[in-house]
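Trainee: Could you take me through one small part of this model up close, and then show me how the rest hangs around it? I'd like the plain-language version, please.

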Amino acid sequence: ASLALYMAPPAAAAVAVGKLEGGFGSVSQYLLGFSYCMLMCLVRQLGRLWMAPFSLGFWALTFPVVSVTLATADWAHAHPVGAAQDGLTGLAYILACASVVLTVVLTLRTALHAHAGDLFVSDEFSSPGKHQQLV
């Protein structure tokens, strides 16, 4: 999940550079492209993340996904009208829907674990008496 945190800074930088350049130029596109690569790494790991024990740390996934969504929407807005803009707008809508689904799923899982009383249970590596060597 920590790999996902590498998505947000380049996506936010892409928007900032785009505003400074007066358009979504090549530097902004390179930065957003790196964020897309990190997003693909996250998508590839969704199965492992779903099977992992829930913790509040999963909320750290929401900001990077929303950052990439907003940068994509900004790129679509800066792109000239045409098929490319339609594709970017469609991608921005897909990412926005994924952001909403992620937030709803995390809200439900947080509520379920809070109701069960195991929301703030420490993980196995920090529990007293369960000292394991990390290799």
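Mentor: Let's start with Met7 and who it touches. Leaving out neighbours within four places in sequence, Met7 is in contact with Ser35, Met38, Leu39, Leu42, Pro64, Val65 and Val68. Keep in mind as you look that this is a predicted model. Met7 itself sits in the segment before H1. Is Met7 buried or exposed? Its relative accessibility is 0%, and buried means under 20%, so Met7 counts as buried. You can also check a distance here: the C-alpha atoms of Met7 and Phe34 are separated by 7.5 Å, although their positions lie 27 residues apart along the chain.

Now look at Tyr6, which is also found in the segment before H1. With a relative accessible area of 54%, Tyr6 is exposed. Tyr6 also helps to make a nonpolar surface patch of about 300 Å², together with Leu3 and Phe34. So Phe34 turns up twice: as a part of that patch, and as the partner of Met7 in the C-alpha distance of 7.5 Å.

Let's zoom out for a moment to get the frame. The chain has 5 helices and 0 strands, and from the N terminus on the elements run α-α-α-α-α. Of its 135 residues, 30% count as buried. Take the contacts in the chain with a separation of 6 or more: 67% of them are accounted for by residues 24 or more positions apart. The accessible surface of the chain comes to about 8,800 Å², and 70% of that belongs to carbon and sulfur atoms.

Back to single residues, this time in helix H4, which covers residues 62-78. Thr62 lies in this helix. At 16% relative accessibility, Thr62 counts as buried. Setting aside residues up to four places away in sequence, Thr62 touches Leu102, Thr103 and Leu106.

Further along, Asp74 in helix H4 pairs with Lys19 in helix H1, and the two are 55 residues apart. Their side chains meet in a salt bridge, at 3.6 Å from N to O. How many salt bridges are there by this rule? The count comes to 1. The two ends have different labels, if you go by accessibility: Asp74 counts as buried at 16%, whereas Lys19 is exposed, with a relative accessible area of 58%.

Rings are next. The structure holds 2 aromatic pairs. One of them is Phe24 with Trp75, and it is stacked, with 5.6 Å centre to centre and 15° between the planes. Why does this pair tie together parts that are 51 residues apart in sequence? Because Phe24 lies in the loop between helix H1 (8-21) and helix H2 (26-44), while Trp75 lies in helix H4. Phe24 counts as buried at 9% relative accessibility, and Trp75 counts as buried at 17%. Phe54 and Phe58 form a stacked pair as well, with 5.9 Å between centres and 25° between the planes. Phe54 is buried, and so is Phe58.

There's one more ring to visit, and this time the partner carries a charge. Arg109 lies over the face of Trp50, at 4.9 Å from the ring centre.

Let's finish with two glycines. Gly23 is found in the loop between H1 and H2. At 27% relative accessibility, Gly23 counts as partly exposed. The C-alpha atoms of Gly23 and Ala78 are separated by 6.0 Å, and these residues are 55 residues apart along the chain. Gly90 lies in helix H5, residues 83-116. Gly90 is partly exposed too, with a relative accessible area of 27%. From Gly90 to Ala76 you count 14 residues in sequence, and 9.0 Å in space from C-alpha to C-alpha.

If you want to retrace the route, go back to Met7, with contacts that include Ser35 and Val68. Then find the salt bridge of Asp74 and Lys19, and end at the stacked rings of Phe24 and Trp75.

Methods: Residues numbered from 1 in each chain as written. Predicted model: local features only at pLDDT ≥ 70, side-chain atom pairs only at ≥ 80, totals over all residues. Heavy atoms only, no water. Helix = DSSP H or I, 4+ residues; strand = E, 2+ residues; numbered from the N terminus. Buried < 20%, exposed > 50% of the residue type's maximum accessible area, 1.4 Å probe, protein only. Contact = heavy atoms within 4.5 Å. Phe/Tyr/Trp six-rings, centres within 6.5 Å; stacked < 30°, edge-to-face > 60°. Lys NZ or Arg CZ within 6 Å of the ring centre and 35° of its normal. Patch = residues over 30% accessible without salt bridge, like charges linked within 9 Å, V, L, I, M, F, W, Y side chains within 5 Å. Areas by Shrake-Rupley, 256 points an atom, 1.4 Å probe, with all protein chains shown as cover. Salt bridge = Lys/Arg side-chain N within 4 Å of Asp/Glu carboxyl O.
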